[in-house]
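Ready to explore a structure by working through a few exercises? Take a look at the sequence and the model first, then try each task before reading its solution.

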Amino acid sequence: MTKRAAESVGRDLPVITIFAPAKVNLILRVLDRRPDGYHNLWSIMQTVGLEDEVSIRVALHRSEIQLGCDDSSLRTDPSNLVYRAAAAVLEQSGKSVGLEIHLTKRIPMGAGLGGGSSDAAATIIGLNQVLQLGWSSARMAEVGQALGSDVPFFLYAPAAIVAGRGEKVRPIQLTGGRWLVLVNPGFPVETKWAYQQLSMTRKELEPLSERLRRLEASSQIAWSEVVELAGNDFESPVFSAYPALREIKEELLAEGADIALLSGSGATVFGVFRDEAGAQKAASCFQDRTEFKAFAVRACTGPVAQR
Ligand code: C5P
C-alpha cells in the first residue's frame, strides 16, 4: 500500500488492498444494436500488469462510505464507480457498516483500459472477502453488471471471451505468455461517442467469423492464434477522428510488435511482444513525447486479488 493510502485509511487498523489491473481487448467485434440501446459484443479480453489499488477498511463505528483518491481529477462522491460498487454490495448483502476506501490510480482514464470497471470489480472482490459474504464469481458479476459493461469480465480475469452487452463471460486460458506495450496519448475517447461514430459510419454489419465462433468451444487458446485473429471494430471510426492513434499503431509495428491495436474504444493503443526486452525497447521510443504515457507490462496470469 502507498504511504498516502496508509495515512488515509489508518495505519494501525487492518486494511486489505486489492490490485485492480487494466485490460486490453485482443479481439473486439461490435455486433448488432440491442433493444436496450447497448450493442452486442464479442471480445477476447485480457488483464495486464498496470494496476490501480483499492484499499478497504471496515469502520464499525460509522455507517457511511468514505472514499479518497490520490488523483484529484477524479470525483470521490457517490457517482464514483468504487463508491457505487461499495454501496451496491452493502445494500445487497444487508450489511450496515462504515467503509473507508482509498483508491490509488495508475491506469489512465477514458483510455479503453477498463480502469474504472476494474476498480469497481476490485471493490466487490475486496468486500466479499472482508465482509465474509461467500459470494460466487457469478453473484459478484451480477452486482457488477449494473455498474458498467466491462465490470463482469474482471470477476473472471485474467482472460475471457466476453459476449452480450458484456455480461456473458467465459474464462479462458491464453497459453504462451506475452508482453504488451500500452501507449496512451494523453487525451480520452468517450465510449458512447465511439459507439455512435461506429453506427453512423459502418455500412453493413459483418457477421462473426466461423473461426471466432469455433473459439467459443475452447477453454485454452494459444496466444499465437489470438494474435492471428486480432482486430477491433472501433479502429476505423476512431482512427478517422484521431489520426495520431493510427500513427502510434504504425510506430509500435515498426518497433517489432507482432500486432498493434486500439484497446476498447480507445484512446490507448497497445502492441504485443514476445519478450520483455522487445517491449521495453519499444516503450522507450515513446518517452520523448511528454504528452504520451507508455507502459511495458506482462499479460496477467492470475485473478484480481489481494497481494
Ligand atoms: O456500460 P458502460 O458504461 O461501459 O457503457 C458506456 C456507453 O457505451 C453506453 O452508454 C452505451 O452507449 C455504449 N455501449 C454499448 N454497448 C455495449 C457497451 C457500451 O452501446 N455493449
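The exercises below deal with the ligand's surroundings and then with some backbone details of this predicted model.

**Exercise 1. Find the residues around the ligand and sort them by type.**

Step 1: Pick out residues with a heavy atom within 4 Å of the ligand. That gives you Gly37, Tyr38, His39, Leu41, Gly148, Ser149, Arg165, Thr191, Lys192 and Tyr195.

Step 2: Now sort the shell. You end up with three nonpolar, five polar and two charged residues.

**Exercise 2. Work out which elements and domains supply the shell around the ligand.**

Step 1: Start with the place itself: the ligand sits in the largest pocket.

Step 2: Look for elements that give two or more residues to the shell, and you get β2 (39–59) and α6 (191–201). The largest share comes from α6, with three residues.

Step 3: Zoom out to the domains. Domain 1 (3–173) and domain 2 (174–298) each give the shell at least three residues.

**Exercise 3. Track down polar contacts to the ligand, using a cut-off of 3.5 Å between N or O atoms.**

Step 1: Try the side chains. His39 has a polar side-chain atom 2.8 Å from an oxygen atom of the ligand. For Ser149, a polar side-chain atom lies 2.6 Å from an oxygen atom of the ligand.

Step 2: Don't forget the backbone. At Arg165, a backbone N or O atom is 3.1 Å from a nitrogen atom of the ligand.

Step 3: Finish with the cover. On its own the ligand has 450 Å² of accessible area, and the protein covers 75% of that.

**Exercise 4. Locate the cis peptide bonds that lead into Pro158 and Ala267.**

Step 1: Keep the usual case in mind: most peptide bonds are trans.

Step 2: Check the bond from Ala157 to Pro158, which is cis with omega near 20 degrees. Pro158 belongs to the loop between α5 (151–154) and β5 (159–164).

Step 3: Do the same for Gly266 to Ala267, where the peptide bond is cis and omega is near 15 degrees. You'll find Ala267 in the loop between β11 (259–262) and β12 (269–273).

**Exercise 5. What is the sign of phi at Gln132, positive or negative?**

Step 1: Recall that most residues other than glycine have a negative phi.

Step 2: Read off the angle. Gln132 isn't a glycine, yet its phi is positive, near 50 degrees.

Step 3: Place the residue: Gln132 is in the loop that runs between α3 (115–130) and α4 (137–145).

Note on methods:
Residues are numbered from 1 along each chain as its sequence is written. This is a predicted model: local features need pLDDT of at least 70, side-chain atom pairs count only at pLDDT 80 or more; totals for chains, interfaces and linings use all residues. Side-chain values use heavy atoms; hydrogens and water are left out. A polar contact is a pair of N or O atoms within 3.5 Å; within protein, one must be able to donate a hydrogen and the other to accept it, and residues adjacent in sequence count only if both atoms are side-chain atoms. Accessible areas come from the Shrake-Rupley method with a 1.4 Å probe; for residues, only the protein chains shown count as cover. On a 1 Å grid over the protein atoms alone, a cavity is a set of points where a 1.4 Å probe fits but cannot get out, and a pocket is an open set with protein on both sides within 12 Å along at least five of seven lines; lining residues have an atom within 4 Å of a point. A molecule sits in a cavity or pocket if more than half of its atoms lie within 2 Å of its grid points. Helices (H or I, at least four residues) and strands (E, at least two) are DSSP runs, numbered from the N terminus. Ala, Val, Leu, Ile, Met, Phe, Trp, Tyr, Cys and Pro count as nonpolar, Asp, Glu, Lys and Arg as charged, and the others, Gly among them, as polar. Domain bounds come from an automatic or database domain assignment.
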